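Thanks for coming, everyone. I'll take one structure this morning and go through how its chains meet. Let me put it on the screen.

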8 protein chains.
Amino acid sequence: MGTLKKKLEARTTDFDHWASRRRYGADGPNNLRLWVLACMDERLPIDEALGIHVDTPVGGGDAHCFRNAGGIVTDDAIRSAMLTCNFFGTKEIVIVQHTQCGMLSANAADLEQAFRDKGIDTDNLNLDPTLPEQKLEKGAFAKWIGMMDDVDETCIKTVDTFKNHPLIPDDVIVSGWIWEVETRRLRPPTQDQEKRARTDTTAKQFGVSKQPPRWA
Amino acid sequence: MGTLKKKLEARTTDFDHWASRRRYGADGPNNLRLWVLACMDERLPIDEALGIHVDTPVGGGDAHCFRNAGGIVTDDAIRSAMLTCNFFGTKEIVIVQHTQCGMLSANAADLEQAFRDKGIDTDNLNLDPTLPEQKLEKGAFAKWIGMMDDVDETCIKTVDTFKNHPLIPDDVIVSGWIWEVETRRLRPPTQDQEKRARTDTTAKQFGVSKQPPRWA
Amino acid sequence: MGTLKKKLEARTTDFDHWASRRRYGADGPNNLRLWVLACMDERLPIDEALGIHVDTPVGGGDAHCFRNAGGIVTDDAIRSAMLTCNFFGTKEIVIVQHTQCGMLSANAADLEQAFRDKGIDTDNLNLDPTLPEQKLEKGAFAKWIGMMDDVDETCIKTVDTFKNHPLIPDDVIVSGWIWEVETRRLRPPTQDQEKRARTDTTAKQFGVSKQPPRWA
Amino acid sequence: MGTLKKKLEARTTDFDHWASRRRYGADGPNNLRLWVLACMDERLPIDEALGIHVDTPVGGGDAHCFRNAGGIVTDDAIRSAMLTCNFFGTKEIVIVQHTQCGMLSANAADLEQAFRDKGIDTDNLNLDPTLPEQKLEKGAFAKWIGMMDDVDETCIKTVDTFKNHPLIPDDVIVSGWIWEVETRRLRPPTQDQEKRARTDTTAKQFGVSKQPPRWA
Amino acid sequence: MGTLKKKLEARTTDFDHWASRRRYGADGPNNLRLWVLACMDERLPIDEALGIHVDTPVGGGDAHCFRNAGGIVTDDAIRSAMLTCNFFGTKEIVIVQHTQCGMLSANAADLEQAFRDKGIDTDNLNLDPTLPEQKLEKGAFAKWIGMMDDVDETCIKTVDTFKNHPLIPDDVIVSGWIWEVETRRLRPPTQDQEKRARTDTTAKQFGVSKQPPRWA
Amino acid sequence: MGTLKKKLEARTTDFDHWASRRRYGADGPNNLRLWVLACMDERLPIDEALGIHVDTPVGGGDAHCFRNAGGIVTDDAIRSAMLTCNFFGTKEIVIVQHTQCGMLSANAADLEQAFRDKGIDTDNLNLDPTLPEQKLEKGAFAKWIGMMDDVDETCIKTVDTFKNHPLIPDDVIVSGWIWEVETRRLRPPTQDQEKRARTDTTAKQFGVSKQPPRWA
Amino acid sequence: MGTLKKKLEARTTDFDHWASRRRYGADGPNNLRLWVLACMDERLPIDEALGIHVDTPVGGGDAHCFRNAGGIVTDDAIRSAMLTCNFFGTKEIVIVQHTQCGMLSANAADLEQAFRDKGIDTDNLNLDPTLPEQKLEKGAFAKWIGMMDDVDETCIKTVDTFKNHPLIPDDVIVSGWIWEVETRRLRPPTQDQEKRARTDTTAKQFGVSKQPPRWA
Amino acid sequence: MGTLKKKLEARTTDFDHWASRRRYGADGPNNLRLWVLACMDERLPIDEALGIHVDTPVGGGDAHCFRNAGGIVTDDAIRSAMLTCNFFGTKEIVIVQHTQCGMLSANAADLEQAFRDKGIDTDNLNLDPTLPEQKLEKGAFAKWIGMMDDVDETCIKTVDTFKNHPLIPDDVIVSGWIWEVETRRLRPPTQDQEKRARTDTTAKQFGVSKQPPRWA
C-alpha cells in the first residue's frame, strides 16, 4: 500500500496530461485516432451510429468530430482534417451522411433567389469576413450552398475527395456511411435503387429539380 | 379506452413526421430552434457543456451542431448557419470554443512550411476540389488555417461576425462561451487576465509566436 | 385499517377470478378485448411491435394471440377468431405480417415437389388426422401451403377476409400492419413501391417465381 | 485495435444476416431450432413457461411460435410445423396447452347452434375463403371447432399426432406440457386424477357435456 | 427550518420509544396489532404468504409471529397468544398451516416407538424440565407429538380452538389459511376434495395410517 | 445444447423434489440443517440477526424456525426440536432471545391476577383443549406464563435445557444469543453487568418484582 | 421557453456565487448555518450521526465542521467557532464526542513521560511555531493534551464552555451529543450510569488512572 | 460448511475488535494510517478531494481527520497529530487547504476591532477556559486569528511546520494540497502566479490588506 501522497501526485498528473493533450501534437491523439465528418442534423446520433463516444463527460474522447450542413467536403472540412491528420495523430476518417437530409429539401438556385429577393447581392458577399482573401467566383453562390441531388452519390464523392486530397496523408483510412433516419440504422452508400428506395435519399423525392453541379 | 388500431396509427404517424422534419422547412425545426458552433475537440463535451441533447438515440434532437477545428467562423460555418436560420426554423446561435485548443498549439506559418517541406505548393491548391470556383489568394494559406492567438478574443470576434453577417437574420440571438478543459466548466469569453490566467487560452502559453492576422 | 383477514380474502378471490376468466364467457375478456393474428417468425416481436403485453408473467394478459406460418388467414385462424369474438368478449382484431418472411422464400410448387421426391403422395394426405372430415381437393396442396408473392398484398387480403367473414361479428374492428424486420418498425401495408422497395416484401426478391394463386 | 471502418462493416453485415435469415433455409434456423405450439390464451406466458425468449426486442429469437385456440393440432399447425421442420432448420417441437382453457368451457354443439340461431348455415360455409379447395363435410362443423373434454388427453393426442405425421421428419423431438394457470407452473400431461384434480382440466368441471369426438 | 438540535432530539426519542415499546403494554402494539401462528417449515414464507413484514431490519415490525411444528394449537401457542392479545394490544390472529407438512409424513405412534427403541421411556419424561408442574398422562406421548391426518381439518380445528378459548378475548378476529407449497399460493382451508386433491394435505398421501386422535 | 424437452423435465422434477422434501425425512433437510428458537417479538429480525434466510420467497429455506413468547423452552419447543432433530435431518440449534423483551415487562403473578379478576379460574383451565391429557398442577399457572427475571440467565438456562434433554440427540450443536433491540446487534448471553447495563435485560428495569421461579 | 443563452448565464452565475460564498460574510452562510465540533476519530461518521451532508461532492454543504482529537474545546475550536458565528452567518453549534474515544485510552502524564523519555523537554516547547506569542505554563503539557476521564462529563463541559464564551454570540444554539461506537447510535450525554455502562465512556474502563484536571 | 454458531462467534468478535480499536494503541490504526488536516469549509469535500472514506457508515474508516478554520497549523493541530502519530499508528499526514477560503476574506485587525467595538478586551481573554495555563501575549489576538495573505504560502508553511515539529516523528510522510473550489480539483500548492491566477488564493483578491505576520 503506497502513501496517499503518491496516489494524489499520480491523479493530478494524469488529469493534467489529458487536459493538455494538444501540447503533444501527434503524440497526444484522441482515443481512437479518428476524425469524423458528419452532417449537423439533430436526427443523426453520432455516438449511436458509430458505436463510439466522441466527447465523454468524464475524460477520454474517442474522436475529433467535424459537423457541417450535409457532412460534405468543404475547404473547412479539408482544413480541419488536414490539421488532425498531419499534426494531432489521427489515422482514420469516417464520413457519415444521412437520409432525409435537409440538403435534399430545396434547390440551391431557389435558396439563392430567396436571398436576392431580400436585396442581398449574392455575387458580392464577403462570405467569411475574417478571411477576405478567400473569394467565390460570381455565379457560384448556389453551387457553394452545397445542396445535393443524391446523398449516396455525395457520400461516395466525399470519400473519394478525401482519399485523393494532397493535404491528407495517403495512409489515412477513409470510409463513408449513410445513416438512415427512417430506420435508425447505418449502411454503406449504394447505387442499388432497391436498397435506397424507401428512404429519402434524393432531392427528387422532395420534389426538387436538378441542383447546380457539385456532386454529380 | 380507444382501439389498438388508433394507437398504432398515431404511433407510426408520429415517427414518420419526426423522420421527415426537414420536409417542413421552418415549420420543422429542431427541438430548441438552436444552431451550435463548436470546436471538434474530443475534450469538449457539447451536451454536458450546454446542458442539452444535440442528437439523442431515441428521437428528439435539440440542436443542429456544427463543429470544426477551433469552432471558428468559416465560409462553411456561415453556409451551415445560413441554411438553418433562414430555412429550418432556427432562432438562436451558441458558439463554444475551449481552452487548451490545438489551434493555439502551433504557428500557422510553421504548419504551412511543413507542407512546403513535403513539396506541396500551398499557393496553388484546389482546397475543395468539388468547388473550384472558390479561390484563396496566394499567400493566404497560413491565414486560412485559422490558428488563434487568444481563444477569448477569437470567440468574441466569432460572435460579432455572426451578429453582423448579412446572411444571418437580425433577430437571431447569438452568444459565445469558453469551455475550460482544465476545470470542465463553462464561462463567458473575457479579457480579464486573472480569470483566464491559469487556463491555457493563448498561443503564447504554447510557446507559439504571433499568428498571421485573422482574429486580431 | 381493515383486518388482515379481509385483505387475504380479497387477494385470494381476485386471483381465483383471474385464473377462471374463461368461465365467464364474454364477461371475462382479456385486458384489451383483442385478438392478434401474427406470423410465427422469431424476428417478429409482438409485444414490442404493438406496444402491448400479450401474456404477462404476473397476471394480466392483453390479448389472445394467434400465430401461424405467415400470419395468414386459414380455417384455423377463422376458428380461433370466431371463438374469441363470439364467445370470449373480443372486440378488435389486429393482424401483423412482416417483411423477410419465410413465406416469400420458396415457391410452393417446389416445396410440394420436395415431398413428392421423398415419396409422399401430397394428393392423398390426411392433413389433420384428428379431423378426417376436412378434405383438400386433389392438386390444392401447394396452394394450401400458403406461400406469398407479396406480403403487403397478402396482409390487405387477410384484413378483408376477416372483415367479410360470416363467422366474425360485423362490429369487430380489423386492422393490418407490416413489421419491417430490417428497420424494426411497424407500418401499414402499402402498394407504394418506393416505401417497400428496400425491404424484402416479395417472393421475387427471393428469386422465387409466381406462387399458386391464393392471395392474388 | 482495428479500424472503425472494419467494426462498422462487421456490425452492418451481422444485422443484415440476421434480418435475412430465412433466405438461408435450413441453414438460417431460429436460435433453439425450435417450434412451439401453444394455446392463444393470455394467461399462458410462453416465455416464462418454457424459460425461453420466443421473439426478443433486440435481435435473436429462440423459436417459431404457433398459437391457436387450444394449442391443438389442425391442418394449419401441420402446415406451419411442416414448413419450419423441413425447410427452416427446426429440430424440436414443444406443445403447451393449459388448464382453465376456454376450449373446455362450452360444448361445441351448443356453439354451432348459436350460429345456426343467427341464421348461419354451418354446413355450407367457405371457412377459409382464400382456399375454397379445402372442404368440411356436412355435420362436421362442431367437431371442427375443436372443443376438448380433457386437456391432458388432448395434449397427449396432439403429441402423438405430430410424432406420427408423414409431413414431420421422424427425428424431430416432440414433447407436450400442461401449464397450470392456477399455480403458474408447468407439468407433463397426466392421467393421474389426483395430480390434476384441483385444476380445471376437463369440460365436465365447466358443467359441459361430452364433446363431439375429436380428441377421445 | 428548525434547529438541528430539535431534529436530533426527535430522532433519538423516536428510536427510544420504538425500542422500548413493550414498556407501554397495550399502548405499544406491533404495527398491525397482529399475532400470527404458523408452521416452522422453511418452505412457508410468512412475509410473502401474508403480504406483511413480520420483523423488518430497519425498525417497524408488523406482527408477533409464533411458529411451531405444524402451526398447531399447543399450550405454548395459547400462552403466547394470551400474552399479546391481553397485554400487548393485539386484536387479530392469523393462522397459517401448509401442504406437504412434515406433520403428515409419519405416524405419531411410529415416532414414539422410535424413541422407545432407543431406550427412552416416553411415559416418564419431564418434557419441559423448567416446568415440572406440567404433566402428560401416561400413554399420551404420541398424541402430544401432534401429527395430523389432514391439514385442512387441523387448520379449521385450530381456528375454532382459538375462537373459543377462555384466555383469548372474544373480540379478537381469527382466521385460518393454507399455504400450498406446490403452488406457492394461499387459500382458505377446505373440505372440497377437488380443490385439495393435487396438493399433499393428508397423512394418507404420505402412506401414513390414522394418527392418534387430536385433530379429528 | 440439449433439447428443451430435457431442460423442462429437469426443471419440473427439481421443483417437485423441493416441494416434497419432507417425504425424505432426514434426507430432505432444510438448507442449513438448522433449527432456530426465537422470541415472537416484531423487533427481533431473525434473518438480519443471524445472517440467514429462514424462508425465502423463491425456493430454498435455511432453517426451521420456532418462535414463541420469549423464545424460551416449553414442551412445544421440545416437541418441535425433537421432530426436526430426530426425523428431518437437523444438526444444529440456535436460540435467540432479546433485550427489551415483553417477558420482562410484568410480573406473572399480576398477569394471573388479571385473569382471576375477570372471573377466570386459572387453576382449572384446559390450556390446550386438543390435548386434555396434558395437565398443569394447581398453582403453577403464573410459572407456566414463563415471565423472566433476566434474559441472559434465561437464555443460558434455555441452552442448557436443550443440551441435556433426552429427546435431543447428543451431537446436535446448541448455542444461545441475545439480540440487543437498542443497538440492533447480536451478542452472547453474559453475566457481565457492564456489558448488559445499558440495555433492558431484567424485569427489575421494568419495575417488576421477582418472578415465580422457573429460570433462576 | 427562454433562450439557451439565458440559461447558460444563470448556470454560470449560480456556480460562481456558490464558489465565492465567503465573499459575502454573514450573507453567504453554509446551508444549515451550522458549526459542528467533532472528534477526528474514523469511527465517528458525522453525516450519518447527524443526518446532514457536511460537504457534498456536487455543491451545497450543510456545515462548517471542526474536528480535533476528542472533539473538545480548545483555543483553536474557539477561534474557528468565533469566526463562523460572528462573520459567516452561523447560528447553531452541535458538538459530537464518542464512546471508545482514544482520549480515554491513556493517562496524559504517561504520554508526557513518553516524550520526556525521548529527550523532549515538554516544558519548553514552541507548540505552534507560527504563533510563538502563545505560551503554555511549565507543567501544563499533560493537561494540554486533553485526555478525558469521562466523555459524557467532557461533552457537557464542552457545551457549557461554548454557551458561556465571550466570543460566541449569546443567541447561538448549542447542543452536545455522544455517538456510541458500539451501537452506532447517537444519544445525549448523561450521568445515568446504566445508560452508559455497556459502552466505554471512561478512562477507567481502559485501565487508566485519574487524568490531570481539565474536564472535571 | 461450518456451523452457524462458529459464524456468529466470528461476526460478533470482529465487530467488537473494530469498535475497540483505540484500546490497541499503535496496533489499532485507522485503515490508511493517515491523519488529515483540512479546512472546516463546507465547500471542501474531503472524501472526493482525496479519494478516501474518512468515516464510513458501515465500519472501516480511512483516516483521522482534523479540521479547523483554514486547515492551518495550531497548537490543537499539533496536539491531535502528535497523538495519532505517536500513539495510534499513523504514518502519514495530508494537509488540504482551499481557494476562496474565508481566511482570506477579511483582515484579522478588522476582526479584532469588531470585537473591541462590542466592548470585548481582546488582550485579556481566557481563550480556552478549560486550560487557563495557556496564555496569549497582549497584542497577539489578531495574529492568533490566523487569517492568511496567500493560501499557497500558508499551505507550504504548514507542511514545513509539521515536517520539522519535535512532537511529530521524523518518518511521518507529510504532503500539502490545494483544493480549488472554483474547479473542484486538487493541485499542489504553487508560487506560479499563472496557475493560481484565476482562483482566489490571496487576501488581496478579496480587497484585504496585509495580514498580521504569521504565515509570511
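**One chain, then its contacts**

Start inside chain A, with Lys210(A) and Asp149(A): their side chains form a salt bridge, 3.1 Å from N to O. Where do these two residues sit in chain A? Lys210(A) is in the segment after helix 7 (193-196) of chain A. Asp149(A) is in the loop between helix 5 (141-145) and helix 6 (151-163) of chain A. The pair therefore ties together parts that lie 61 residues apart in sequence. Over all chains, a search of the whole structure gives 144 salt bridges.

Before we go on: this is a predicted model. Please keep that in mind for every number I quote.

Now the fold of chain A. There are 7 helices and 6 strands. Reading along the sequence, the order is α-β-α-β-α-β-α-β-α-α-β-β-α. As for dimensions, the C-alpha trace of chain A spans about 70 × 45 × 35 Å along its principal axes.

Next, chain E against chain F. How many residues does each chain bring to this contact? Chain E gives 92 residues, and chain F gives 92 residues. Between them, the two chains bury about 7,300 Å². Carbon and sulfur atoms account for 60% of that area. Which residues of chain E lose the most area to chain F? They are Met40(E), Glu42(E) and Arg79(E), and together they make up 11% of what the chain E side buries.

How are chain E and chain F related? A rotation of 180 degrees, with 0.0 Å of shift along its axis, superposes chain E on chain F, at an RMSD of 0.1 Å. That is the relation of a two-fold axis. Then look at the surfaces. Of the interface residues of chain E, 100% are also interface residues in chain F, so the copies meet through the same surface.

Let's go to the polar side of this interface. We count 16 salt bridges between chain E and chain F. One of them joins Glu137(E) to Lys135(F), with the closest N and O atoms 3.3 Å apart. There are also 50 residue pairs in polar contact across the interface of chain E and chain F, both residues at pLDDT 80 or more.

Which elements of chain E supply that surface? Several each give at least two residues to the side that touches chain F, among them helix 1 (4-19), strand 2 (63-68), helix 4 (108-117) and helix 6 (151-164). Helix 3 of chain E supplies the largest share, 11 residues. By class, the chain E side has 46 nonpolar, 22 polar and 24 charged residues.

One more feature here, please look at strand 4. Strand 4 of chain E pairs with strand 4 (residues 134-136) of chain F. Parallel or antiparallel? The sense is antiparallel, over 3 bridges. Within that pairing, Gln134(E) stands opposite Leu136(F).

Now a second interface, chain A with chain H. The contact takes 9 residues from chain A and 16 residues from chain H. About 1,000 Å² is buried between these two chains, 72% of it on carbon and sulfur atoms. On the chain A side, Leu4(A), Lys5(A) and Leu8(A) lose the most area to chain H. Together those three make up 47% of what that side buries.

How many salt bridges cross between chain A and chain H? The rule finds 0. Polar contacts come to 4 residue pairs, both residues at pLDDT 80 or more. The chain A side divides into 4 nonpolar, 2 polar and 3 charged residues.

And the symmetry? Chain A can be laid on chain H by a turn of 90 degrees and a shift of 0.1 Å along the axis, with an RMSD of 0.1 Å. The two copies are thus related as by a four-fold rotation axis. Which residue of chain A comes closest to the rotation axis? Val58(A) does, with its C-alpha at 20 Å.

Last, two pairs of chains without contact. Chain A and chain F are not joined, and their closest C-alpha atoms lie 32 Å apart. Chain C and chain F do not touch either; here the nearest C-alpha atoms are 14 Å apart.

To close, two relations to remember. Chain E and chain F are related as by a two-fold axis. Chain A and chain H are related as by a four-fold rotation axis. Thank you.

Conventions. Residues numbered from 1 in each chain as written. Chains lettered and ligands numbered in written order. Heavy atoms only, no water. Contact = heavy atoms within 4.5 Å. Buried area = accessible area lost by both parts, 1.4 Å probe. Salt bridge = Lys/Arg side-chain N within 4 Å of Asp/Glu carboxyl O. Polar contact = N/O pair within 3.5 Å; in protein donor to acceptor, adjacent residues only side chain to side chain. Helix = DSSP H or I, 4+ residues; strand = E, 2+ residues; numbered from the N terminus. Nonpolar A, V, L, I, M, F, W, Y, C, P; charged D, E, K, R; others polar. Pairing = 2+ DSSP bridges. Least-squares fit on C-alpha atoms with pLDDT ≥ 70 in both.
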